[in-house]
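Subject: A structure for you to look through

Hi there,

Here is the structure I promised to pass on to you. Please open it beside this email and follow along as you read.

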Amino acid sequence: CSRKKEIFGLLSGHFRTSLGEEDMFFCDELLIRPDSRRRGYATQLMSFMESDVKKSGCGKIAADVIKDFHRESFFWINGFTDTPCCRMVKTTGIVP
C-alpha cells in the first residue's frame with residue numbers, strides 16, 4: 001500500500017491521586033494540526049482517552065481551558081461542565 005501515515009494531532013495527560021480527593025485524569029494538551037481541524041479528530045482522541053480512563057477506574061477527567069466560547073464549546077459538546085476556576089471536569093460514571 002502506498003498510503004502514507006500522518007500525525008493529525010495528540011492528546012497528553014496524567015493521573016493525579018491526592019489524599020482525601022477523588023482520583024482524576026488531567027488532560028494537559030489536546031493539539032490538532034490546523035489543516036486537520038473540524039474533521040472529528042479531537043473528539044476521537046477524547047473518546048479514546050475517556051475509554052482508557054474508565055478502564056483504569058478513574059472517576060473524573062479535568063482540563064484547564066482558556067475561557068473563550070470556541071474552546072469551551074468543544075469541551076461542553078464532549079460532556080464537560082464548568083467549575084468555579086478555569087478547569088472543566090467530566091464524570092466518567094465510574095464510582096471508586
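How many residues does helix 1 have, and how far does helix 1 reach from its first C-alpha to its last? There are 16 residues in helix 1, and the reach from the first C-alpha to the last is 23 Å. That is close to the 22 Å expected at 1.5 Å a residue. Before you go further, please keep in mind that this is a predicted model.

**Helix 1**

Try turning the model so that you look down the axis of this helix. The buried residues of helix 1 are Ala42, Met46, Met49, Glu50 and Val53. Seen down the axis, the buried residues of helix 1 fall within an arc of 105°, so they line one face of the helix. The face turned away from that buried side carries the exposed residues Gln44, Phe48 and Lys55. After helix 1 comes Gly57, with a positive phi near 90°.

**The loop before helix 1**

Now step back along the chain to Arg38. Arg38 sits in the loop that joins strand 2 (24–32) to helix 1 (41–56). The phi of Arg38 is positive, about 65°, although Arg38 is not a glycine. Is Arg38 buried or exposed? Its relative accessibility is 81%, so Arg38 counts as exposed.

**Salt bridges**

The count of salt bridges comes to 4. Glu50, from the buried side of helix 1, is a good place to start. Which residues does Glu50 form salt bridges with? One partner is Lys54, with the closest N and O atoms 3.5 Å apart. Both Glu50 and Lys54 lie in helix 1, 4 residues apart, which is about one turn of the helix. Another partner is Lys90, and here the closest N and O atoms are 2.7 Å apart. This pair links distant parts of the chain, with Glu50 in helix 1 and Lys90 in strand 5 (residues 87–91), 40 residues apart.

It is worth checking how much of each partner is accessible. Glu50 has a relative accessibility of 15%, so Glu50 counts as buried. Lys90 counts as buried too, because its relative accessibility is 13%. Lys54, with a relative accessible area of 34%, is partly exposed.

There is also a network of salt bridges that links Glu6, Arg33 and Asp35. Within this network, the side chains of Arg33 and Asp35 meet at 2.9 Å, N to O. Arg33 has 29% relative accessibility and therefore counts as partly exposed. Asp35, at 48%, counts as partly exposed as well.

**Helix 2 and the aromatic rings**

Next, please find helix 2. The buried residues of helix 2 are Glu72, Ser73, Phe74 and Phe75. Let us take Glu72 first, which has its place in helix 2 (residues 69–77). Why does Glu72 count as buried? The reason is its relative accessibility of 10%, because buried means under 20% relative accessible area. Leaving aside residues up to four places away in sequence, Glu72 touches Val65, Ile66, Lys67, Asp82 and Met88.

The rings come next. The count of aromatic pairs comes to 4. Phe74 and Phe75 have ring centres 5.3 Å apart and planes at 90°, so this pair is edge-to-face. Phe75 also pairs with Phe80, again edge-to-face, at 5.2 Å centre to centre with 90° between the planes. Phe75 and Phe80 are both buried. For Phe75, the relative accessibility is 9%, so it counts as buried. Through these ring pairs, Phe74, Phe75 and Phe80 are linked into a cluster. Helix 2 is followed by Gly79, whose phi is positive and near 95°.

**One more ring to find**

Finally, have a look at Phe26. Which residue lies over the face of Phe26? Arg16 does, at 4.3 Å from the ring centre.

If you would like a short tour, begin with Glu50 and its bridges to Lys54 and Lys90. Then visit the cluster of Phe74, Phe75 and Phe80, and end with Arg16 over the face of Phe26.

Enjoy exploring, and send me any questions that come up.

Best wishes

Conventions. Residues are numbered from 1 along each chain as its sequence is written. This is a predicted model: local features need pLDDT of at least 70, side-chain atom pairs count only at pLDDT 80 or more; totals for chains, interfaces and linings use all residues. Side-chain values use heavy atoms; hydrogens and water are left out. Helices (H or I, at least four residues) and strands (E, at least two) are DSSP runs, numbered from the N terminus. Buried means under 20% relative accessible area, exposed over 50%, partly exposed in between (1.4 Å probe, protein chains only). Contact means heavy atoms within 4.5 Å. Rings of Phe, Tyr and Trp (its six-membered ring) pair if their centres lie within 6.5 Å; planes under 30 degrees apart count as stacked, over 60 as edge-to-face and the rest as tilted. A charge sits over a ring if NZ of Lys or CZ of Arg is within 6 Å of the ring centre and within 35 degrees of the ring normal. The expected span of a helix is 1.5 Å times one less than its number of residues. The arc is that of the directions from the helix axis to the C-beta atoms.
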